[in-house]
Amino acid sequence: MSELFDAVDALVASRAPLPPPEERKRLRAAHGLTIEEVATALKVRRATVSGWESGKTEPRPPERDAYARLLKQLAELYPAPVDAAAPVQDTAVPATFTAAPDPAEAQTLSPGPASDAADTTAPENTQTPAPVAAAPAAAPRPARATRTSSTSRRPGAKQAAPAGTPTGTDPRFENGPLAVVDVEDGKVLAYCTGGLVLDVPAKSIPALVDWTLREAKLGQPKLSGPGKDADPLLVLTEAALERYGLPVALAEEERLAGRLPEGHKVIKQLVRAEWKLTKRGFGPWARIYRPAQGSERACVQLCIPSWNALDTRHWGEAGQLPPAELTRVLGVYASRVMTPRGSTAVTGLELMTALHPPTRASEPDADGKRHSEHNPGSLGKDPVDCAPCEAPDGHPLLKDLPRFHVRGPAEKLFEEACDWARPMTDAECTLRHLVGIDVNMAFAAGANGLTVGLGEATHVKAPAFDPKLPGSWLVDLSHVDLAKVKVGKEWVELDGSLLPSPFTPTGARPEGPAWYATPTVAYAVELGYEVRPLEAWVRYENGRYLDGWYNRLRDAYLATMADLGVDADLAPADFLAAIEGYRKRDPELAIVVSAIKATVKGGLGKLRERPRGEGWRPGEPWRALSRPTWRPDIRAAVISRTRINLHRKIVKHAAFTGQYPVAILSDCVVYAADGTSPLDFLPYPGGRPLPGGFKLGINPGLVKHEGTQSVLWGEEVRDRFDAPELNLARYIKDGTVTDVDNGE
C-alpha cells in the first residue's frame, strides 16, 4: 500500500502549482538568491532555472515539487504587493512543450538629428536620447542578472513570435548579433542574446563557421543605407577552445606575434576548407571569410577572451563572466553601439565608417545599372595626405629632416588634453577639502557639432582667419592675456596667474608662433584678441562627419546609465546621490558603460594610429596610413575643442565666483572648497546652473563628482615627493599616489 501512496504523491507533485514566471524571479531576487544558488540546491543547471524564470521551460518531477516548495516558502516571506498580485496558475505542461525564445535585441537606435551648435561652442546635450534597445532585465542585487534557456532548437524552426517582438527585427538575424560558444555536459552550446541557447553540431572550426553562416541566423543589420550588415560574432570560451583544438592561452611567442603560427592544425583545417584569414591571422579577434560573391558576404569573426581579446582596462572582468552574463554584456553593447569589430578603439573607428560608408550606389545609368560612387559627407575610400605640420614624428613627409631634429611649436601641431597644476594659494590652504569634478564623455562632447575636413588640405599664406574653416593655423597667440578677457560681450578682469593658458597642453603661455587647430584660434578671438595667421593648411571640403557617431555613442551611454538608475533629468543633489556607487547596482551594465567610454577615446586615438612594430623604421609608411580614416587633423580638432570647452567653463566660473582650479588633467578639474561635494562650490544662482559654466548631470559635457580629498592630503603628497606642482587631479579619485617623478 505504501508504494501506491508514493505513486500518488509523485503524481500530485508532477502537477504542483507554480506562480507565473515573473513572480518566480521576484521571489528569488527578494530573498537575495542567485540563479546559481537555486540551481545548486535543486541539482540542475543554472540555465535550467533561468529557463523556468523566463517561461521558456517548466520544471518536471522530481525537481518540480522541490521548486514549488521553495517558491511557496518565499511567497510567505515576501507576499506580492496588492496591486501586483496575480492568481497562481497551473503551468504544468506536456514534456514535449517548446516555447519560442525571446527575440534578439532589436537594432532600433538610429543617429539623431545633427546639433545646431555654434562653431566654437560644443553644446551640452540635455535632450532625451533617441529610443534604444532595452537592456535585458536584471534582477535586483544581490541576485545575478541573466536570461538563458535550457531549451535549444535548430534555427529556422517555425515558431510563433512571442508577444512584444519588435516589428523591425530582421529575420536574417533573428538570434541576435553574436553568440558565446561554450561546452556543457559534453554538448557545445551557443548562448545568444534574448536568452536563447542553441545546440551547435559543428565538430571543427571550419564546420563552426559554416554552421554560423548557414543556420545560426546571427548578425546585425547595417547602420546606414549604403553600409554593410555586421558579420556574426562568435565568442569562444576556454572549454570551446579545447573542444575545437585551440590553445586556452597563447604561448609567449604567439602572444607577442598576436596570432597562431601558420602551421597550426586549425589553420590547416581552414585552408583545406577554402576559408581565408585576414592579414592579422588567427589572433584574439580573428576574421574568417571567403571572397564575397556579389553583395553576399561570407565572414565570421571570432573573439577569444582568454587570449586577451577583451582588454581588462576597458572590459573589466567581462572575459571571466559565465557565458550567459558575457552574452548579455556584449549583446547590450552590440545593440546600442555596434557588434564589436576588435578592441574598443577599432570598434570606435569602424563605427565612424559604418555610419558614413565611403561609397554608395549611384542612380541607374542608361542601361539601368547602378555603380559605386562617392558617398557625400564621408571620408571617401582613398586616404589623403596630412599637412606636414600635422604629421607625427617618423612620418614619410618628414623623411628629409635631419635624423635628430626636434620639431618645435612652429613646425608641429601639438593639440593634446590639458595636464596642468599650480601651488595652492594661502587662502586655498585655509579651506578643508579638494574636490574633483569630471566632464562626462568629454571627447564625445567635443566632437558634437564640430566641422572637420573631409578632403585634402590646401596650403595658404597669410590667410584671414575663418572660424568656420577647419584646418591648422600658424599664428602667434602669446599676446593673449588672461588677466583681461571677454566673457560674452563684457570684458572682465581675472587673476591670470591662477589660470592655465588654453593654447598649450601644459598650460604654459606660448612664446611665439605655433600651429593650432581651428577651435583653439577661434577661442583666442572669442576672448577678445586679434589673430593674424602667418600661414595655414585648410580644408575647403568639410562637414560634420562625427555628428552621427556622437549621437549614437551618446544615446548608448545615456540609455545604459538610465538602466543603472542615473537619469538625464535628475536634480543636482539627486544626480549626485544616484551616481554614487552606480557600478555596484549592476556590474555587468557598468562594464558596458566603461566599454562605451573607451570606444570614444579609442576611436579618436585611432585617427592618428602610430606604427605597431612590423619592422617599421622612421621615414617609412606604416599600415594605418593606407586607411582613409587615418586623419590626425580630425583628432587634433576634437582634442582642441574639448580642451577649449573646459577652459571656457573655468573662465566663466572664475568670473562669477572668483574661484580658480588647483589642477586639471584632461577632463578632470580640482577646486579647493570648504565642503566635500561639488555643490559646495558650483554656483546655482536662482536654482539654475551658471550659464556657460559647470552643470551637474549625466549628459556629455556636464560634470559629475570625481572624488574628494583633504587639503592636508594634497600638501602632504606634494611635500613628500618635493613636487609643489604635482597634478593632484591624477589622484583625486581615491587618494592613491603612484608613479610620481618630480611632479611629472
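**Close-up 1. Helix α16 and its surroundings in the predicted model.** Of the 17 residues of α16, 15 are buried, so this helix is largely enclosed by the rest of the structure. Helix α16 covers residues 547-563. How far apart should its ends be at 1.5 Å a residue? The 17 residues should span 24 Å, and the end C-alpha atoms are indeed 24 Å apart, which agrees. After the helix, look for Gly565, whose phi is positive, near 90 degrees.

**Close-up 2. A salt bridge between Glu58 and Arg24.** Here the two side chains meet with an N to O distance of 3.1 Å. The partners come from distant parts of the chain, 34 residues apart. Glu58 sits in the loop between α4 (46-54) and α5 (63-77), while Arg24 belongs to helix α2 (residues 21-30). Are these two charged residues buried or exposed? Glu58 has a relative accessible area of 10%, and because the cut-off for buried is under 20%, Glu58 counts as buried. Arg24 is also buried, at 0% relative accessibility.

**Close-up 3. Glu588 and Arg328, a salt bridge linking two helices.** The closest N and O atoms of this pair are 2.9 Å apart. Which helices does the pair link? Glu588 lies in α19 (residues 587-606) and Arg328 in α11 (residues 323-336). In sequence, the two residues are 260 residues apart. Both Glu588 and Arg328 are buried.

**Close-up 4. Glu373 and Arg360, a salt bridge between two strands.** In this view, the closest N and O atoms are 2.9 Å apart. Glu373 is in strand β9 (residues 372-374) and Arg360 is in strand β8 (residues 359-361), so their contact ties together parts that are 13 residues apart in sequence. How accessible are the two partners? Glu373 has a relative accessible area of 29%, which makes Glu373 partly exposed. Arg360, at 35% relative accessibility, is partly exposed as well. Neither value falls under 20%, the limit for buried, and neither is over 50%, the limit for exposed, so both residues belong to the class in between.

**Close-up 5. A network of salt bridges.** Which residues take part in this network? Glu390, Arg539, Arg631 and Asp633 are linked here by salt bridges. For the wider picture, the count for the model comes to 35 salt bridges. Among them are the pairs from the earlier views: Glu58 with Arg24, Glu588 with Arg328, and Glu373 with Arg360.

Methods: Residues are numbered from 1 along each chain as its sequence is written. This is a predicted model: local features need pLDDT of at least 70, side-chain atom pairs count only at pLDDT 80 or more; totals for chains, interfaces and linings use all residues. Side-chain values use heavy atoms; hydrogens and water are left out. Helices (H or I, at least four residues) and strands (E, at least two) are DSSP runs, numbered from the N terminus. The expected span of a helix is 1.5 Å times one less than its number of residues. Buried means under 20% relative accessible area, exposed over 50%, partly exposed in between (1.4 Å probe, protein chains only). A salt bridge is a side-chain nitrogen of Lys or Arg within 4 Å of a carboxyl oxygen of Asp or Glu.
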